[in-house]
Amino acid sequence: MPGGDATRVVVVGAGVTGLSCAVRLAEAGHRVDVLARDLPLETTSVVAAALWYPYKALPQDRVTGWAAAAYAEFAQLASQEGTGVRMMGGTEVFRDETADPWWAGAVPDLAHTTAPLGYQDAWAFTAPVIDMPVYLHWLTHRLTQLGVTLTRMSLAALPVEAGSGAGVVVNCAGLGARLLAADHDVRPVRGQVVLVAGVELDRWWLDAAGPTYVVPRTHEIVVGGTDQPGDWSRTPSTETATEILHRATRLVPELAEGRVVGTRVGLRPVRSRVRLEADGSVVHCYGQGGAGVTLSWGCADEVTTLVTQITER
Ligand SMILES: Cc1cc2nc3c(=O)[nH]c(=O)nc-3n(C[C@H](O)[C@H](O)[C@H](O)COP(=O)(O)OP(=O)(O)OC[C@H]3O[C@@H](n4cnc5c(N)ncnc54)[C@H](O)[C@@H]3O)c2cc1C
């Protein structure tokens, strides 16, 4: 058994990154406890649209690998009841002719398609679409099944000192890494979305200009969005919500029939490159930017490999 009975792995963070890592680590036989200031439904992760799409995350080669691994896992989860994961076709539109994306290799069916009126180019592909409140609930339930604890705790530092009981610490604190890893390379890019009910859509839509996106969840549609670097405000703006809906309704006119049932704000943990590396008995895994869900299982697999290497030293 990796690490033996005595090795305890403490995962800091209960967003999609921390929970996915905790699941994979427990599945690999590690004894895992999760500590987090914010519980899953209070994190940035619950705000995510969440469309599988490598957005504001680098470096390209590693991101493509993590995204491909997560794509395969989500495709599996989509066939299971209660996960909140669906595979859904959708279209990304462009105002100019656009070459294939650098991450095209991670998607099985990306192809250029006829652009809607007002656009010059478009791609269509099947992507996982994840209803985050449902999915985070499912992940939390999976952790309980695996015997992983989840405790609310606001940490002033990573629990690495002797006596903390942690053999290995996995740092999935997102923006919290500014404090916990003294890393000012990770910074907020604010995103606001509007939740719309009363409209049925069977495709997602994306226009990176804006950005404007329309992503169906089970009972509502997530309509975005904004990209506001350096803005720490978690308070939704009414003017921004109106402007988002205006943009999105031009892209998907059916939205005009819907009613607004909520507005959410999240702070994407953007970094010059995702930090996924071991440093002594700490494995850092944060800075997934606008793609934390998209990269989650790929990052979790790599974290598990690193933790197992540390515990077998
Ligand atoms: C509007 C919006 C739309 C998005 N859409 C998508 C999308 O379509 N697809 C996609 O893949 N991604 C999307 N994202 C990005 C995605 O939400 C993030 O990349 C992802 O949530 C990051 O997850 P995380 O677990 O790393 O961090 P978080 O969800 O922020 O979780 C961090 C955890 O660390 C804990 N923590 C921090 N500091 C401390 C401390 N001192 N002590 C204890 N615990 C601490 C927090 O409490 C929390 O539990 C979107 C984001 C936004 C805002």
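**Figure 1. The lining of the second largest pocket divides into six nonpolar, three polar and four charged residues.** Welcome to a predicted model, shown here in a series of close-ups. The second largest pocket has a volume of about 150 Å³. Its lining is made up of 13 residues. If you want to find the centre of this pocket, look for V199, E200, R217, T218 and H219, which lie nearest to it.

**Figure 2. W52 and Y71 form an edge-to-face pair, one of 10 aromatic pairs in the structure.** The ring centres of W52 and Y71 are 5.2 Å apart and the planes meet at 85°; an angle over 60 degrees counts as edge-to-face, so this pair earns the name. Distant parts of the chain are linked here: W52 belongs to the loop between β2 (31–36) and α2 (60–77), while Y71 sits in helix α2, 19 residues apart. Are the two partners buried or exposed? W52 has a relative accessible area of 0%, so it is buried, and Y71, at 8%, counts as buried because the limit is under 20%.

**Figure 3. F94 and W123 make another edge-to-face pair.** In this view the ring centres are 4.5 Å apart and the planes stand at 65°, so the pair is again edge-to-face. F94 comes from strand β3 (residues 85–94) and W123 from strand β5 (residues 121–130), so the pair ties together parts that are 29 residues apart in sequence. Both F94 and W123 are buried. Stepping back, one aromatic cluster takes in W52, Y53, Y55, Y71, F94, W103, W123, F125 and W204.

**Figure 4. K56 lies over the face of Y55.** The distance to the ring centre of Y55 is 5.5 Å. K56 has its place in the loop between β2 and α2. With 37% relative accessibility, K56 counts as partly exposed. Take a look at the backbone too: K56 is not a glycine, yet its phi is positive, at about 50°. The loop between β2 and α2 also holds P59, which is joined to L58 by a cis peptide bond with omega of about 5°.

**Figure 5. S20 and S296 touch each other across helices α1 and α6.** S20 is found in helix α1 (residues 16–27), and S296 in helix α6 (residues 292–311). How much of each serine is accessible? The relative accessible area is 0% for S20, so this residue is buried; S296 is buried as well, with 2%. Leaving aside neighbours within four places in sequence, S20 is in contact with L139, S296, W297 and A300. On the same basis, leaving out residues up to four places away, S296 touches V16, S20, A70 and F74. For a sense of scale, S296 and T140 are 156 residues apart in sequence and 15 Å apart in space, C-alpha to C-alpha.

**Figure 6. G224 and G225 are joined by a cis peptide bond.** Omega of this bond is about 0°. G225 has its place in the loop between β11 (221–224) and β12 (228–229).

**Figure 7. A182 has a positive phi although it is not a glycine.** The phi of A182 is about 50°. Which loop should you look in to find A182? A182 lies in the loop between α4 (177–180) and β8 (187–197). The relative accessible area of A182 is 65%, so this alanine is exposed, the limit being over 50%.

Terms used
Residues are numbered from 1 along each chain as its sequence is written. This is a predicted model: local features need pLDDT of at least 70, side-chain atom pairs count only at pLDDT 80 or more; totals for chains, interfaces and linings use all residues. Side-chain values use heavy atoms; hydrogens and water are left out. On a 1 Å grid over the protein atoms alone, a cavity is a set of points where a 1.4 Å probe fits but cannot get out, and a pocket is an open set with protein on both sides within 12 Å along at least five of seven lines; lining residues have an atom within 4 Å of a point. Grid points are joined across faces, edges and corners, and a volume is the space filled by probe spheres set on the points. Ala, Val, Leu, Ile, Met, Phe, Trp, Tyr, Cys and Pro count as nonpolar, Asp, Glu, Lys and Arg as charged, and the others, Gly among them, as polar. Helices (H or I, at least four residues) and strands (E, at least two) are DSSP runs, numbered from the N terminus. Buried means under 20% relative accessible area, exposed over 50%, partly exposed in between (1.4 Å probe, protein chains only). Contact means heavy atoms within 4.5 Å. Rings of Phe, Tyr and Trp (its six-membered ring) pair if their centres lie within 6.5 Å; planes under 30 degrees apart count as stacked, over 60 as edge-to-face and the rest as tilted. A charge sits over a ring if NZ of Lys or CZ of Arg is within 6 Å of the ring centre and within 35 degrees of the ring normal.
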